[in-house]
Amino acid sequence: MGPHYLNRILSARSIALIGASSQPGSVGSTILQNLLAMGFEGELYPVNPKYKKVHGRKSYPDVGAVGRNIDLAIIATPADTIPGIIRECGKADVQGAIVMSAGFGEKGPDGNRLQDRMREAARESGLRIIGPNCLGIMRPSRRINATFSRNRALPGHLALVSQSGAICSAILDWAEDQRIGFSLVASLGDAADVDFGDLLDFLALDPETRSILLYVEGIHDARGFMSGLRAAARMKPVIVIKSGRHLEGSRAAMSHTGAMVGADDVFDVALERAGAVRAQTVQQMFSAASILSSGARARGNRLAIVTNAGGPGVMATDRAVELDLAIPELHADTLKRLDAALPAHWSHGNPVDLLGDADAARYETALAACLADPGVDGVLAMLTPQAMTDSDAAAEVVIRSAGSGRDSKPVMACWMGGKQVEKARARFIAERLPSFITPEASVEAFAYLTAHQRNQRLLLQVPGPLSDRSPADIEGARMIIEGALGEGRQSLGTMESKAVLSAFRIPVTQTVQAHSASEALVAASTLGYPLAMKIASPDITHKSDVGGVRLNITTAEAVRKSFQAMMQEAAEARPGARLEGVTLERMYRSHYGRELMVGVLRDPVFGPVISFGSGGTSVEVLQDRAVALPPLNETIIRGMIGRTRVARLLQRFRHMPPVDVAALEQVLLRISEMVCELPEVIELDINPLIVDENGLAAVDARILVDFPKSTADRYGHMAIHPYPGHLVEEWPMADGITLTVRPIRPEDAQIEQAFVRSLSDESRYFRFMQAVHELTQEMLVRFTQIDYDREMALIAVVEPDPGVETQVAVARYTVYPDKHSCEFAIVVADDWQARGIGTHLMQSLMRVAKSRGISLMEGEIIAGNAHMRALMRRLGFTVRANPDDEGVVQAFREL
C-alpha cells in the first residue's frame, strides 16, 4: 500500500488557516504565530474576509480563492459555520482539516446534529477531520505547530495522542523541562472523524515514532480502537493513561468528550489483549516510555537490586512487592562470587547492599554476578551520593554492564540526589539507558517492562470462535432465544437458560417447572429428595431477595407448604411481578464443592465481556471477579482464573482436594463460543457453578437476550475479531495433492519467512517491487499478526511430513480507510505455479472481501509480470496502464 492517508495531513506542505486573525490573544492569531514561530517551511495561507493582511501575510476571503493545492485547513471559526466551510474545503480539494471550534458532540443533541452535518459535508469529498473541540497537532520534524498552545514540542521519537487539549499542554510543559521530544502531538477533541484507531494505524508505520503515548477519556469505536491499538503495539510500545477510573471520573469524562466510558477492569483487559500497557500518572507514563523505548526486554519479573545504601534498597523492595514483582534469592554460586569480592558486612542477599564506601569495582562485580544469575531477569543499580562515592565512575560501570547484557537482561539505574549526580544522569540519557530518580519509579518501570512482555504474549493469542471439541448445537440454542424474543420476552426462564447451556455442552442440574402445588408434588416425586425450589418469574432476578428460594426440601408436605409460602412472599415483595410458578431440582451434593460464578455482561464500549469469580449469595459483596474479552483460549482463561482470590481455593488445601480445573476451563471456553456465535445474548449469570474434584454443574442460570443490532458482520458485536476458522478448507488439486487453505496466524511467522526465502529473485521482485531476500522482523509481524476485521491473508499449505507444514502460496487484501475498497496481493511459490492455486486463492479472497461489504478490489502489478496480468484478466479484473508509472499496471474489479 502507499503512504497512509494521514501522512499528507500530518506532514502538510501547504496550510490554510481559516479564521486567521490579527487580534492579539485570539485563537486565529495564536495559531498563525505558532506556525510562524515554529518555522513552517511550506506555503501558509491566512483566510478571513475581514482582513486584507494578517501578520503581514495576504489574507484570502475564502479557501477557494487561494487557488493552490492545500494539504491541510485549520479552522478556527464559530461552530455553526463549520459545515459550510468543510464543504468549501472539499470543493477546493483540501485533503484534511483540523477543527478547533467547540460546540459539537460535547454539547448534547443540538451539538450532535451540527456534528452530523459537518461529517456529511466531509463525506461528500472524502476530506478527513481532526477534532472538533481540539487543541490541534504538532509535528516538530516538519516544523508544524498547528495549535493554540503556548507550549512547543521538542523534536523526538515519542508520539502523544490525547483527547484532552489541556492534558496535551500539561504534558508538553512537563516534557520540555525534562528535555523529552516528540515525533507527533495530536489532540483529538471530540474525535468526530479521525479517531485513535486512525492515528494508531499511521504511527505504527511512522519511522519517526519509537513509542506511543495515549491519553484516553472515552472510546467512540471499540473495534477501530482495538484494531489500531493492536496494529501499533505489534510494532512499537504503546503506553496508555485513561481517566475516569472511578464512577465519578467516568461521568466527568462523558460530559467532556461525549464518548462512552466502560468499566475500568474491562479497559485493563482490553489493553492487555492489545499488547499495550497502562500507566496511572503522567510521570509513570514517561517512565514506561523511557524503559520500553530503550529496547530493553524482560523474560520474567525477578528483579535484583544493587545499592550502596540499605534504605533505598528496602524502599525499592517494598514497591516491588506491591507490584507483584519477585525479589528472588540469589543462586549459591552468585553468593560465593559476591562473598569473594565484597566486604564481609555486605547484605548477603537481595538487595545487594555494597555499603556506603562502595567504589566502581564493587558495582562492576555485583552487576556481573547478578546478570549471570539464572534466577534474575533484570537488575536495578542504585546509588546515593556519599563521601566515598564516585558516582560518575559507577555510572560508567553500569553503562558497560548494560551494554554487555542488553540483549538478555535489562539494567536500570537510579542515581538519587541532585547536583552530585547530574553528570551521571546525563551519561545515562546519552546512552539511552533507563534511569530514574526514585526507587519507586525505577521499580515501576521494570513492572511496565514485565507487563509489556506479558501483554505481547497475549497479543499473539488469536482464538477462534469455536473450539475443536464436541460441536455445540448453535441452531438449537438460537431457536430457544428466538422463541422468547418472538413472545416479546428478553429474560429466559431457568429451564430455557439451562437448555441453552446444555446446547453448548455445559453440565446443568435437571430442572422441572411447576405452575401449581400439585404439579410441584409430581415433579418432586420424579426428581427425588432432597430438593431445591425457586420462584419462576421473568421479572425477578435475585430470587433469594424476595423469599423465592427454599433448599433441602425432604418431604411432600414441605413441597406443598414451600410452594404456597414462596408464591405469597414473592407477590407481597414484588406486587407487579409475573409469577409463573416454581422450578424444582435435585439438590446438588458435593462434599468438596466450591461455589463459583461465570457471567457475561455487555460493556457499553467493548461489548460482550466474560467474567469469572467466587459465587453464591455474597457475590456482590465480595466483588471477586476477573474479566476477559472474548474470544478466549486456554492461555487467556488460565490468566483470568489466576487473577481472582478464589483461585487459591481451587487448589488443594487442608482436607480439600483440588478441583477439576480442566472441566472449569472447558465451561469458560463454551461460554466464549456462546458469546461469539450468539450476539443475541446480552447478559448471562451462572451462579452458583459448583465445581469439585469430579467435575461441575451449573445449578442456577439466568440469560437476558435481545435482537442483535447488526446482522451484516457475524462478529460485529465483539471488540476483537476471532480467528475466522470457518474459512479453513481442504482443497484437492487435480494432481491428487490436497492443500489446506486457511487464514494466516501469528505462529505462521516461520513458514512465511521460509516461503519468501524459497521464492526466486524474479518472484520476490514481482511481489515486493524491489529486491527483497527475506522479510524483516517488522514485515514479518505485519504479514502474520493481522487484524481479521480489516485485512485477510489466505495461505495455502501442504504437509510433506505429518505435523510439518510448508507454505506454497499466499493471497491477501488490506481494506482502505473508506472501508469499501481494498488492495490485494498474491504470490505462488515457483515450483507450484501454473497449477490453479492462484486462481483458487484469489476466488476465495474475493468471496471473503465481498462478504465483508467490500465493493472494489484493486492492486498494482509489475508490467513485465505477464502471468499475473493474464490471471487477473481471467478473474474478470480490468488491467490498464498506470499513468504515473509506466513500469506498473493497475488491476481492479467491482465485487
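Two strands count as paired when DSSP finds at least two bridges between them. With that in hand, hello everyone, and let's walk through this structure together. Please keep in mind that the model is a predicted one.

Let's start with the parallel sheet. Strand β1, residues 14-18, is joined to β2 by 5 bridges, and the two run parallel. If you would like one pair to look at, find Leu17, which stands opposite Pro46 in β2. Now zoom out to the whole sheet. It is open, has 5 strands with parallel pairing, and reads β2-β1-β5-β6-β7 in order. Which strands are at the edges? Those are β2, at 43-47, and β7, at 128-130, and each of them pairs on one side only. Between neighbouring strands here the turn is 20 degrees on average, ignoring direction.

Next, two helix pairs. The first is α5, residues 165-178, with α10, residues 282-292. They pack at an angle of about 55 degrees, and their axes are 11 Å apart. That angle makes α5 oblique to α10. As for handedness, the crossing of α5 and α10 is right-handed. On the α5 side, the contact is made by Ile171, Trp174 and Ala175, and on the α10 side by Val282, Gln283, Met285 and Phe286. What kinds of residue make up this contact of α5 with α10? The split is 6 nonpolar, 1 polar and no charged.

The second pair is α6, residues 196-204, and α7, residues 222-235. Here the packing angle is about 20 degrees, and the axes lie 7 Å apart. So α6 and α7 are roughly parallel to each other. The crossing in which α6 passes α7 is left-handed. From α6 we have Phe196, Gly197, Leu200, Asp201 and Ala204, and they meet Gly224, Phe225, Gly228, Leu229, Ala231, Ala232 and Met235 of α7. Sorted by type, the residues of this α6 and α7 contact come out as 8 nonpolar, 3 polar and 1 charged.

Now let's move along the chain to the antiparallel sheet. This is an open sheet of 4 strands in the order β21-β24-β22-β23, with antiparallel pairing. Why is one side of β21 and of β23 left without a neighbour in the sheet? Both β21, at 511-514, and β23 stand at the edges with a single partner strand each, so one side of each has no neighbour there. Neighbouring strands in this sheet are turned by 20 degrees against each other on average, again with direction ignored.

Looking at one pairing in detail, β21 and β24, residues 582-586, run antiparallel and are joined by 4 bridges. Gln513, for example, has Thr583 in β24 as its bridge partner. Two helices go with these strands. Helix α20, residues 556-573, packs on the sheet and touches β21, β22 (531-535), β23 and β24, and its direction makes about 25 degrees with that of β22. Helix α18, residues 494-503, lies across β21 and β24 and runs at about 155 degrees to β21.

One residue here deserves a slide of its own, and that is Arg550. You will find Arg550 in strand β23, residues 549-553. Setting aside neighbours within four places in sequence, Arg550 is in contact with Leu531, Ala532, Met533, Ser562, Ala565, Met566 and Glu569. What does the side chain of Arg550 make a polar contact with? The partner is the side chain of Glu569, at 2.9 Å. The Arg550 side chain also reaches the backbone oxygen of Gly547, at 2.9 Å. And for a sense of spacing, Arg550 and Ile535 are 15 residues apart along the chain, with their C-alpha atoms separated by 9.0 Å.

Last stop: strand β28, residues 681-692, and its partners. Strand β25, residues 594-603, pairs with β28 in the antiparallel sense over 6 bridges. Within that pairing, Val598 has Ile686 as its bridge partner in β28. Then there is β30, residues 701-705, which pairs antiparallel with β28 over 5 bridges. Here Asp685 is matched with Arg702 in β30. Finally, β28 is joined to β29, residues 695-698, by 4 bridges, running antiparallel. The bridge partner of Asp692 in β29 is Gly695, and β28 and β29 form a hairpin with 2 residues between them.

That's the tour, so thanks for listening!

Methods: Residues are numbered from 1 along each chain as its sequence is written. This is a predicted model: local features need pLDDT of at least 70, side-chain atom pairs count only at pLDDT 80 or more; totals for chains, interfaces and linings use all residues. Side-chain values use heavy atoms; hydrogens and water are left out. Axes are lines fitted to C-alpha atoms, for helices over the stretch in contact, and angles run from 0 to 180 degrees between N-to-C directions. Angles under 35 degrees count as roughly parallel, over 145 as roughly antiparallel, 65 to 115 as roughly perpendicular and the rest as oblique. A crossing is left-handed if the near helix is turned anticlockwise from the far one by less than a right angle, and right-handed if clockwise. Contact means heavy atoms within 4.5 Å. Ala, Val, Leu, Ile, Met, Phe, Trp, Tyr, Cys and Pro count as nonpolar, Asp, Glu, Lys and Arg as charged, and the others, Gly among them, as polar. A polar contact is a pair of N or O atoms within 3.5 Å; within protein, one must be able to donate a hydrogen and the other to accept it, and residues adjacent in sequence count only if both atoms are side-chain atoms.
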